[in-house]
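Please open the structure in your viewer and keep a selection tool at hand. The stops below say what to select next and what is there.

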Amino acid sequence: MQFLIGSIKKDKQMEALVDKLCNRFAGGNDVRQWEYISYCLSQLTYTEKGLKKLIDNFKMFEHALSEDSVMNHFRSVIAKSNGIFGVAVY
């Protein structure tokens, strides 16, 4: 997975990947798939635009946040993105 993520060089590519991964949450109710998708999202390095894309797609994955493992992956995204908007998130 890290190899594939490492090949993303442009913001547009990362934004498109975030968008596609978020859309996959709406595709089913399989908790394991939600865990895999949220893990993939947590491995990305976010820019301000990428984080905005993730926030814009919140409705796609909000139902999956009830699962602890999925929520922990999103907490990881928040921790890694700490300070992008100039605000510390705890």
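Is Asp56 exposed or buried? Asp56 counts as exposed, at 52% relative accessibility, where exposed means over 50% relative accessible area, buried under 20% and partly exposed in between (1.4 Å probe, protein chains only). This is a predicted model, in which local features need pLDDT of at least 70 and side-chain atom pairs count only at pLDDT 80 or more, while totals for chains, interfaces and linings use all residues. Residues are numbered from 1 along each chain as its sequence is written, and side-chain values use heavy atoms, with hydrogens and water left out.

Next, add Lys52, which is partly exposed at 47% and whose side chain meets that of Asp56 in a salt bridge (3.4 Å, N to O); the term denotes a side-chain nitrogen of Lys or Arg within 4 Å of a carboxyl oxygen of Asp or Glu. Because they lie 4 residues apart in helix α4 (residues 48-56), about one helical turn separates the two; helices (H or I, at least four residues) are DSSP runs, numbered from the N terminus.

Then select Lys59 and Glu62, whose side chains form a salt bridge, again at 3.4 Å, N to O. Lys59 is exposed at 65%, whereas Glu62 is partly exposed at 34%.

Finally, turn to the largest nonpolar core, which has 20 residues, with Val18, Phe25 and Leu41 among those with the most contacts inside it; such a core is a set of buried Ala, Val, Leu, Ile, Met, Phe, Trp, Tyr and Cys residues joined through side-chain atoms within 4.5 Å. Helix α2 (11-25) gives the most to this core, with 5 residues.
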